[in-house]
Amino acid sequence: MGLSFREKSLWLMLASLLGVFGFYFAVVLPPEAPNVMPEQVAVFALAVVMLVVVQIVGHVAIAIVDRRTDTDERDRLITLKGARNSGFVLATGAFLALCAALATEGNFVFMHVLLAFWVLAEIVQIGSQLIMYRRGA
Amino acid sequence: MGKRSGRLTNEVRALRSGQGGMTQQDLADRVGVTRQTINAIEGNKYSPSLEVAFRIARVFSVPLERIFGYDEN
């Protein structure tokens, strides 16, 4: 069974997310100060721009090759179930980030616990969708 | 209410083969879903909505229960 446009899109998002935020966390960790420094904000901005560019270029390339970019009720159901799964991770991350804000000095840990769980939630969302496309929704 | 372990079964692949080699893409285009969804339905990996089920039945001009069944086990 060949991959649909939607599955290719998910693989692209997963790879770009892992690559870009892998780069970001490799640069900013371990923390050098209690607060987020301006250089780290610049790295974050660069990471976001890279993510957007890679995803736009990748989706255009996939759309050119694939031609069929239509989605249907199964895609919508899988998207909803994936979002439900990621919601649990994001809520857990928000709670842990608040705990970190109370327990640590400065904003670095709070910001990065929140960011790490947002990335993890995205990975869970994409990963669970890819599994549902293969094993059934 | 307890969760039941039954599953939806279907004869879509057999009916498609009986239509002079209708491809999954042909059926998908006529029903208005993707080819991958037809493949998932045929492999019992996805239970379509009633709307899609009726559209499939209409393509083959047969009653719904001729295509879809429910296996209690």
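Helices (H or I, at least four residues) and strands (E, at least two) are taken here as DSSP runs, numbered from the N terminus. The structure is a predicted model, in which local features need pLDDT of at least 70 and side-chain atom pairs count only at pLDDT 80 or more, while totals for chains, interfaces and linings use all residues. Residues are numbered from 1 along each chain as its sequence is written, chains are lettered from A and ligands numbered from 1 in the order in which they are written, and side-chain values use heavy atoms, with hydrogens and water left out.

A good place to start is helix α4 of chain B (residues 50–60), which holds both B:E51 and B:R55, four residues apart, or about one turn of the helix. Their side chains meet in a salt bridge of 2.9 Å, N to O; the term stands for a side-chain nitrogen of Lys or Arg within 4 Å of a carboxyl oxygen of Asp or Glu. B:E51 is exposed, at 54% relative accessible area, whereas B:R55 is partly exposed, at 30% (buried is under 20%, exposed over 50%, partly exposed in between, with a 1.4 Å probe and protein chains only). Salt bridges that share partners also join B:R13, B:R16 and B:E42 into one network.

Within that network, B:E42 bridges to B:R16, with the closest N and O atoms 2.6 Å apart. This pair links distant parts of the chain, B:E42 being in helix α3 (residues 35–42) and B:R16 in helix α1 (residues 12–17) of chain B, 26 residues apart. Both partners are buried: B:E42 has a relative accessible area of 8% and B:R16 one of 11%. Over all chains, the structure holds six salt bridges. One of them connects A:R68 to B:D29, at 3.5 Å between the closest N and O atoms. A:R68 sits in the loop between α2 and α3 of chain A and B:D29 in helix α2 (residues 24–31) of chain B, so this pair joins two chains.

Chain B as a whole has five helices and two strands, arranged along the sequence as β-α-α-α-α-α-β. Its radius of gyration is 12 Å, close to the 11 Å that the globule rule gives for 73 residues, so chain B is as compact as a globular protein of that length (the radius is taken over C-alpha atoms, and the rule is 2.2 Å times the number of residues to the power 0.38). Of its 73 residues, 38% count as buried.

Turning to chain A, A:F21, A:Y24, A:F25, A:F44 and A:W118 form one aromatic cluster. Rings of Phe, Tyr and Trp (its six-membered ring) pair if their centres lie within 6.5 Å, and planes under 30 degrees apart count as stacked, over 60 as edge-to-face and the rest as tilted. Four aromatic pairs are found over all chains. In one of them, A:F21 and A:W118 meet edge-to-face, 5.9 Å centre to centre and with 75 degrees between the planes. A:F21 belongs to helix α1 (residues 5–28) and A:W118 to helix α4 (residues 108–135) of chain A, so the pair ties together parts 97 residues apart in sequence. A:F21 is buried, at 4% relative accessibility, and A:W118 is partly exposed, at 34%. A:Y24 and A:F44 form another edge-to-face pair, 5.7 Å centre to centre.
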